[in-house]
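Thank you all for coming; I would like to use this slot to walk through the empty spaces in one structure and then turn to one of its sheets. Please have the sequence and the model open as we go.

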Amino acid sequence: MNPTTAMAPEDVVRVTSFTRGVIGPSLTLLGPVKDGGRIVTGTPPGCWGPMITPIFQGGHEVSQPVAVENAEVGDAVALKIERCAVTSLATSSGVMEFVEGRYLGDPFVAKRCTTCGTESPPSHVEGTGDDAIRCNVCGAEVNAFRFSHGYVIVLDSENRVSLTVDKDAAQRIAGMPDQLARLPELSEQHSILSLARSDLSGLAAHMQPFLGNIGTIPSVDMPDSHNAGDFGSFLVDAPHAFGMSRETLEANKTDGHMDTNSVREGAILICPVKVPGAGVYMGDMHAQQGNGEIAGHATDVAGEVELNVQVIKGLKIDGPILLQRPDDLPPMARPMTAAQRAHVKALGARYGQHQIEENAPITFIGSAANLNDATKNGLQRAADVTGLPYDEILNRATIAGSIEISRLPGVVRVTFLCPMPILERLGIAQLARAQYGLDHQA
């Protein structure tokens, strides 16, 4: 038993510590938080900061996981995102390329200094630009990544707007990363602002923050950024310490790394429990992102998150289920208004069809090495959990739902209107009714 599970459950668990890129059962769980309680944390940026910090063995820096009262293997936990706020004033991102020779198999996981040979070396920042990351052991430049095209972007969270800046502004910003990146106190990553890349300036963009990596810990240790079917495929037979078989990956991952832009304030994410206590973690907040994260990386920022946690007993799922905000639902999956349902009733009466299904939107996350396989994975998960025939899921997603890309190369959303009796059986009907204001259907 993890030592924390013997402690009295708390109404609120505040998290201030983070992982170095690895999540799994070897970590000490904080808490436990009460079933129905809240988790509050600051989150460091994901991706570029951890990527340029060689001591990290994953592509993110997520919050230390929290145990949940009464969460047992085979249950699920519903995470209602009550607050998701950006605290960074600037960040940097872009399209990546690797520096050959500075990693073993995977630059996110197994970095090394080519000068002194130290694996996952401690490092520090000297100056700005591509050669700013230096090995503490020998002093050599040690960054395993480069921007093939990158930018610095400044952020106005209050007004939800942002702007990419030119070279001079990027250099000034690089000189004060602590004031502008605003990393949490115990974060260990280098600020990506230090690289001062400015290939794209003057582009204004909306802000709509969300969490790119959130959920429950997998049942084997793995890099946090690889807790998904696409990034996870790079672990299969890998030459480093986290290499595993495909069967091990599929059985143990929880698909927390979704980069799904509707996992934001107001959404409800239902996650599998694959270790006792669940181990709820979060991180990789993005200031904005369109569907697909086509550049490979979006605008990773520090932020503050508050979650409400609820255990759903006996709901055995393999990956996340999402109850999106009503305004994030694809148009064909949006519940009908009372007036529209009255028109449907009249239409049915015209043809002698008096039974009208009571239903609600539901989204299954699918992940795999590519988009086609990820779509099949999401559809199969939907069929397995709901008990509906696979081909019926295809029809429902076609006429009353949608398939949407969350991330290339292989994370998708499978959304459709699901019969309410099925949601009742799964134990999530009340969540769906409250999320979508469906009392008028009953």
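**Pockets, cavities and a sheet**

Let me begin with the largest pocket, whose volume comes to about 380 Å³. Its lining is made up of 16 residues, and those closest to the centre are Glu357, Asn359, Arg396, Ala400 and Leu417. Before going further I should say that what you have in front of you is a predicted model.

Which elements give two or more residues to the lining of this largest pocket? They are helix H5, residues 338–351, and helix H7, residues 390–399, and it is H7 that supplies the largest share, with four residues. If we sort the lining of the largest pocket by class, we find eight nonpolar residues, three polar ones and five charged ones.

The second largest pocket holds about 270 Å³ of space. Here, too, I can give you the residues to look for: the lining has 16 residues, and Tyr151, Gln289, Gly290, His297 and Ala298 are the ones that lie nearest the centre. By class, the lining of the second largest pocket consists of eight nonpolar residues, seven polar residues and one charged residue. Where does this pocket lie with respect to the domains? Because domain 1 (10–88 + 207–323) and domain 2 (90–175 + 193–201) both contribute residues to its lining, the second largest pocket lies between them.

I turn now to the enclosed spaces. Counting those of 30 Å³ or more, there are two cavities, and the largest contains about 70 Å³ of space. It is lined by 14 residues, with Pro45, Thr91, Ser191, Ile192 and Asp300 closest to its centre. The elements that contribute two or more residues to this lining are helix H1, residues 48–51, and strand S6, residues 90–98, and the largest share, three residues, comes from S6. In terms of class, the lining of the largest cavity has seven nonpolar residues, six polar residues and one charged residue. The domain argument can be made for this space as well: domain 1 and domain 2 both give residues to the lining of the largest cavity, so it lies between them.

The second largest cavity has about 40 Å³ of space, and for this one I can read out the lining, which is formed by Cys47, His60, Phe108, Ser225, Phe231, His257, Asp259, Glu293, Gly296 and His297. Three of these lining residues are nonpolar, five are polar and two are charged. You may recall His297 from the second largest pocket, where it was named among the residues nearest the centre; it also belongs to the lining of this cavity.

Finally, the sheet, which brings us back to S6. In general, the strands of a sheet pair through backbone hydrogen bonds, in either a parallel or an antiparallel sense. In this case four strands, in the order S6-S9-S10-S11, form an open sheet with antiparallel pairing. Why is one side of S6, and likewise of S11, left without a neighbour in the sheet? S6 and strand S11, residues 204–206, stand at the edges and have a single partner strand each, so one side of each remains unpaired within the sheet. From one strand to the next, the twist averages 30 degrees. At the S11 end, strand S10, residues 161–164, pairs with S11 in the antiparallel sense over three bridges, and you can locate this pairing by finding serine 162, which stands opposite alanine 205 in S11.

Technical notes. Residues are numbered from 1 along each chain as its sequence is written. This is a predicted model: local features need pLDDT of at least 70, side-chain atom pairs count only at pLDDT 80 or more; totals for chains, interfaces and linings use all residues. Side-chain values use heavy atoms; hydrogens and water are left out. On a 1 Å grid over the protein atoms alone, a cavity is a set of points where a 1.4 Å probe fits but cannot get out, and a pocket is an open set with protein on both sides within 12 Å along at least five of seven lines; lining residues have an atom within 4 Å of a point. Grid points are joined across faces, edges and corners, and a volume is the space filled by probe spheres set on the points. Ala, Val, Leu, Ile, Met, Phe, Trp, Tyr, Cys and Pro count as nonpolar, Asp, Glu, Lys and Arg as charged, and the others, Gly among them, as polar. Domain bounds come from an automatic or database domain assignment. Two strands pair if DSSP finds at least two bridges between them. Axes are lines fitted to C-alpha atoms, for helices over the stretch in contact, and angles run from 0 to 180 degrees between N-to-C directions.
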